[in-house]
Amino acid sequence: MTANNRIREARPHMTRNEGLIFERSSPGKAGAELAPLDVPAVSPAEALGGDLARSEIEGFPEVSELEVIRHFTRLSTWNYGVDTGVYPLGSCTMKYNARINEVVARLNGIATEHPYTPQDLAQGCLRILYETASCLREITGMDAISLQPAAGAQGELTGILMMRALLAERGDARKFVLIPDSAHGTNPASVAISGYDVRALKSNAQGCVDLADLDRAMDAQVAGLMLTNPNTLGIFETDIGKITEIVHSKGGLVYMDGANMNALVGVARPGDFGVDVMHLNLHKTFSTPHGGGGPGSGPVAVKKILEPFLPVPVVEKTREGKFRLNHDLPRSIGRVRAFTGNFGMAVRALAYMLANGPEGLRQTTEDAVLNANYIRSRLRGVYDLPYDRPCMHECVLSDRRQAAKGVRTGDIAKRLIDYGFHPYTTSFPLIVPGALMIEPTESASKEELDAFIDALEAIAEEAERDPQFVQHAPYTTRVTRLDEVAAARKPVLRWKPTSGAEASQ
Ligand SMILES: Cc1ncc(COP(=O)(O)O)c(C=O)c1O
């Protein structure tokens, strides 16, 4: 082997079997050495009370500073993220968010402002909230917005509570909310938490709401319809005008789950097609990086009839051009979160919207939809396509062909890791057995999409030729198949030192 070959095979890690930091511990090693005391020593037990002072932390790793640095730096390179490649997790919109928005959110006077700052001194921050709400109003075609909810699901709850408050005020609170079977899973949960019962609607062969079914189900007991649009099949409800007409004609309201607005921004406005209340997921569509549990922001946008019920406070602009928080909304459903919501996310969203402008936002939407359709059309002969029609921001295939050989969507997803890609969303939506739900977002280039599609084509061939091989993937990861049921049912969340007896076994 030549020296050049050897260099090409170099790996950044000495070993792929990185131990836990606890397992590196050797007695007496320390990351820092303090200078000798030049003041009288104080006993922590005496100063704090014996029950608050502990002499040692059981199992605390004794390691050098360099070991800590290298350990965690090595671990960080094992991550897969939007900064490393396509992250096609359907229903999650894992797109790249420009660094500049992070810089803006961290600016002095923005990141450092305290929510109790007197309003006269916080005019800049209040203006950011006001402008963010104004841009989102323009994008959605709605009349008023609250930025308070801290997640999409909390936005849903807020919106349904507002619907309920309006109907209750009319003396007609009603009992049910209609939800199609193609809705996001949080929709029925939010409806149930707000005190309504769910009445389910079956999708038609095109993956959309069946108008005749809707007409039958929508009676005087029904408060309204909660519609994920585009739905979880990645399909736009083309009959949306007729849908809202039917619901309104029977005294109901239309809630739109707008977490998938990345398929509509700059192209279609829910306010124009009859939606009464909706939420947005700023952490999906409007530039806050997400995953790993937060932060979130699920603003709720409403039509005029629901405005009096918005959570307090609302941000207003006075005639003199000043900004203020109005707590005086007697018909408000109340507060749903502290202060005005996750402020930093409004900052990122505003930076994103202003930097892109109307043209840029529209282009972003068109690119996201184009990318999803490119994947759909190239893979339709390779994987089953249960709803064979143009999609919006994501496409949903199924493992029906591969399942005949015993290879399921989860196996294909695991094998995709060997090809260097983060898996798509598996087994969701539930109305597609064995679903492969793929959302490339606008961030993927054609080259990346081609490489991703090539990988899925290669896996389909492998499944045909050697199903068992795919069933046991992945092969290139540090751990292979985990017992996912045991991991969920008996999670081990904390490392504990092995006892002497166990260690010597
Ligand atoms: C369509 C849809 N609705 C609602 C939600 C819930 O949003 P969150 O996770 O912020 O509560 C999501 C989340 O991705 C979603 O995709």
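**Close-ups of a predicted model**

**View 1. The shell around the ligand.** By class, four nonpolar, nine polar and one charged residues surround the ligand (Ala, Val, Leu, Ile, Met, Phe, Trp, Tyr, Cys and Pro count as nonpolar, Asp, Glu, Lys and Arg as charged, and the others, Gly among them, as polar). Of these 14 residues, Ala151, Gly152, Ala153, His184 and Ala259 come nearest; a residue is near if its C-beta atom, placed from the backbone, lies within 6 Å. This is a predicted model, where local features need pLDDT of at least 70 and side-chain atom pairs count only at pLDDT 80 or more, while totals for chains, interfaces and linings use all residues. Residues are numbered from 1 along each chain as its sequence is written.

**View 2. Helix H6 (residues 152–169) against helix H7 (residues 186–193).** The two axes come within 9 Å and cross at roughly 45 degrees. That makes H6 oblique to H7 (angles under 35 degrees count as roughly parallel, over 145 as roughly antiparallel, 65 to 115 as roughly perpendicular and the rest as oblique). On the H6 side, the contact uses Gly152, Ala153, Glu156, Leu157 and Ile160; H7 brings in Thr186, Asn187, Ala189, Ser190, Val191 and Ile193 (contact means C-beta atoms, placed from the backbone, within 7 Å). Sorted by class, that's six nonpolar, four polar and one charged residues.

**View 3. The hairpin of E8 and E9.** Strand E8 (residues 314–317) and strand E9 (residues 323–326) run antiparallel, joined by four bridges (strands pair if DSSP finds at least two bridges between them). Val315 has Leu325 of E9 as its bridge partner. Five residues sit between the strands, and Gly321 in the turn has a positive phi of about 85 degrees.

Key
Axes are lines fitted to C-alpha atoms, for helices over the stretch in contact, and angles run from 0 to 180 degrees between N-to-C directions. Helices (H or I, at least four residues) and strands (E, at least two) are DSSP runs, numbered from the N terminus. Two residues are in contact if their C-beta atoms, placed from the backbone, lie within 7 Å.
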